[in-house]
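Work through these exercises with the structure open. Each task is followed by a solution in short steps.

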Amino acid sequence: MKAFVLRSYGSPDKLELSDIDQPVPADDEVLVRVRATCVNPYDWHHMRGEPYVARLLPGLGLRGPSLSILGCDMAGRVEAVGRDVTEFRPGDDVYALLREGGFAEYVSVREDLLAPKPKNLSYEQAAAVPMAALTAWVGLSEVGRLQPGQRVLVNGASGGVGTFAVQIARALGATVTGVCSTRNVELVRSLGADEVIDYTTEDFTRSGRRYDLLLDNAGSRSVSACRRVLTPKGTFVAVGGQAGRWLQPAGHAFSALAVAPLVSQRMVLADAVGCTEKKRHLTTLTEFIEDGRITPVIDRRYPFEEIPAAVRYQEAGHAPGKVVVTV
Ligand SMILES: NC(=O)c1ccc[n+]([C@@H]2O[C@H](COP(=O)([O-])OP(=O)(O)OC[C@H]3O[C@@H](n4cnc5c(N)ncnc54)[C@H](OP(=O)(O)O)[C@@H]3O)[C@@H](O)[C@H]2O)c1
């Protein structure tokens, strides 16, 4: 099969289109013909081995990549199943959030990670969902414990996570303020934001308004500045931030967690990849998608051979919505 293989850390040029053996599913695994995948910051952090501090943690390898085939979003069709698999059969359409393997024609996935693909989405639209929507869901609903009627601010409202977060917060009955740049203001409004702050002309941390929950995808303001706009019992959810070589965006999350014992607000982290209930959350998201409450926003589509170009574009950090790849 064709796959983009990463043998050493570096730029998107390190992703080598290769012919490798098709994976063989274990007893509890499903072999999926990948039809679409998506590019996420997770991919290029692994590709570059940055921030360096992350090489000291489980996940990235210290000297070289721990993952050889990137691509954590996947939508496709079941090709074969292991002998213990009960829920899926060849021909079923599925999607999943993986740790690796989406930048390939086939991937073997544990049954307990797969969910049926939303019936009203194409493969490309479905592949846009897992990482970004699950992160938004975990941040708002699980760790954020969002309640109807609460006021939410989404910093970085126009990217992959943000476009889902605005829609999910609205669907959960919150009043939503989105922060993005001028060219994306109308997009964020169209997704249901009650108010949009253009960060090029206004600093949301100086608005004087107060929020019950701040979902921080952008990490553009310090944690202490963000706390200023939270109610005394409000919740700060660290999702991501500005990419750096040594520390960021991990440093932004560390600083939120470090002050947690000292402040009245809740300081929590959304972790989609480490989440142990991916299938349950994806199944909930499927319901929201099939009844029309949320829909993926796709910025660009690339053919499989152009994955390095897709990664380069996503890495620039200003894609409005998701960057998908047809496999
Ligand atoms: N914790 C987890 O499990 C998890 C999962 C997924 C992603 N993440 C992290 O979350 C972050 C967002 O991911 P993503 O997939 O949404 O990335 P993305 O699609 O590249 O979106 C980033 C967004 O940030 C916005 N932005 C840039 N500078 C900003 C600023 N100064 N103020 C406000 N917004 C700004 C951009 O909007 P404009 O174009 O309008 O500037 C862009 O839409 C990344 O750091 C990623 O690593 C974490």
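**Exercise 1.** In this predicted model, find the angle at which the axes of α1 and helix α9 cross, and classify it.

*Solution.*
- Step 1. Locate helix α9 at residues 307-315. Helix α1 spans 41-48.
- Step 2. Compare the axes. They come within 10 Å and cross at roughly 105°.
- Step 3. Classify. Angles of 65 to 115 degrees count as roughly perpendicular, so α1 is roughly perpendicular to α9.
- Step 4. List the contact residues. From α1 come P41, W44, M47 and R48. From α9 come V311, Q314 and E315.
- Step 5. Sort them by class. The contact of α1 with α9 has 4 nonpolar, 1 polar and 2 charged residues.

**Exercise 2.** Do the same for α3 and helix α8.

*Solution.*
- Step 1. Helix α3 covers 130-142. Helix α8 covers residues 278-290.
- Step 2. Their axes come within 10 Å and cross at roughly 95°.
- Step 3. The range 65 to 115 applies again, which means that α3 is roughly perpendicular to α8.
- Step 4. On the α3 side, the contact is made by P130, A133, L134, W137, V138 and E142. On the α8 side, K278, R280, H281, L282, T284, L285 and F288 take part.
- Step 5. By class, the contact of α3 with α8 divides into 8 nonpolar, 2 polar and 3 charged residues.

**Exercise 3.** Describe the shell around the ligand.

*Solution.*
- Step 1. Count the shell. There are 29 residues around the ligand, and G160, S181, Y199, A270 and A272 come nearest.
- Step 2. Sort the shell. It holds 10 nonpolar, 17 polar and 2 charged residues.
- Step 3. Look for helices. α1, α3 and α4 (160-171) each supply at least two residues of the shell.
- Step 4. Check the polar atoms. A backbone N or O atom of A270 lies 2.7 Å from a ligand nitrogen. Q314 has a polar side-chain atom 3.1 Å from an oxygen atom of the ligand. For H318, a polar side-chain atom lies 2.9 Å from an oxygen atom of the ligand.
- Step 5. Judge the cover. Alone, the ligand exposes 920 Å², and the protein buries 88% of that.

**Exercise 4.** Where does E105 lie, and which residues does E105 touch?

*Solution.*
- Step 1. Place E105. It is in the loop between β5 (93-97) and β6 (106-110).
- Step 2. Set aside residues up to four places away in sequence. E105 then touches M1, K2, V32, R33, V34 and V327.
- Step 3. Take the distance to A133. The two residues are 28 residues apart along the chain, and their C-alpha atoms are separated by 23 Å.

Conventions. Residues are numbered from 1 along each chain as its sequence is written. This is a predicted model: local features need pLDDT of at least 70, side-chain atom pairs count only at pLDDT 80 or more; totals for chains, interfaces and linings use all residues. Side-chain values use heavy atoms; hydrogens and water are left out. A residue is near a molecule or strand if one of its heavy atoms lies within 4 Å of it. A polar contact is a pair of N or O atoms within 3.5 Å; within protein, one must be able to donate a hydrogen and the other to accept it, and residues adjacent in sequence count only if both atoms are side-chain atoms. Accessible areas come from the Shrake-Rupley method with a 1.4 Å probe; for residues, only the protein chains shown count as cover. Helices (H or I, at least four residues) and strands (E, at least two) are DSSP runs, numbered from the N terminus. Ala, Val, Leu, Ile, Met, Phe, Trp, Tyr, Cys and Pro count as nonpolar, Asp, Glu, Lys and Arg as charged, and the others, Gly among them, as polar. Axes are lines fitted to C-alpha atoms, for helices over the stretch in contact, and angles run from 0 to 180 degrees between N-to-C directions. Angles under 35 degrees count as roughly parallel, over 145 as roughly antiparallel, 65 to 115 as roughly perpendicular and the rest as oblique. Contact means heavy atoms within 4.5 Å.
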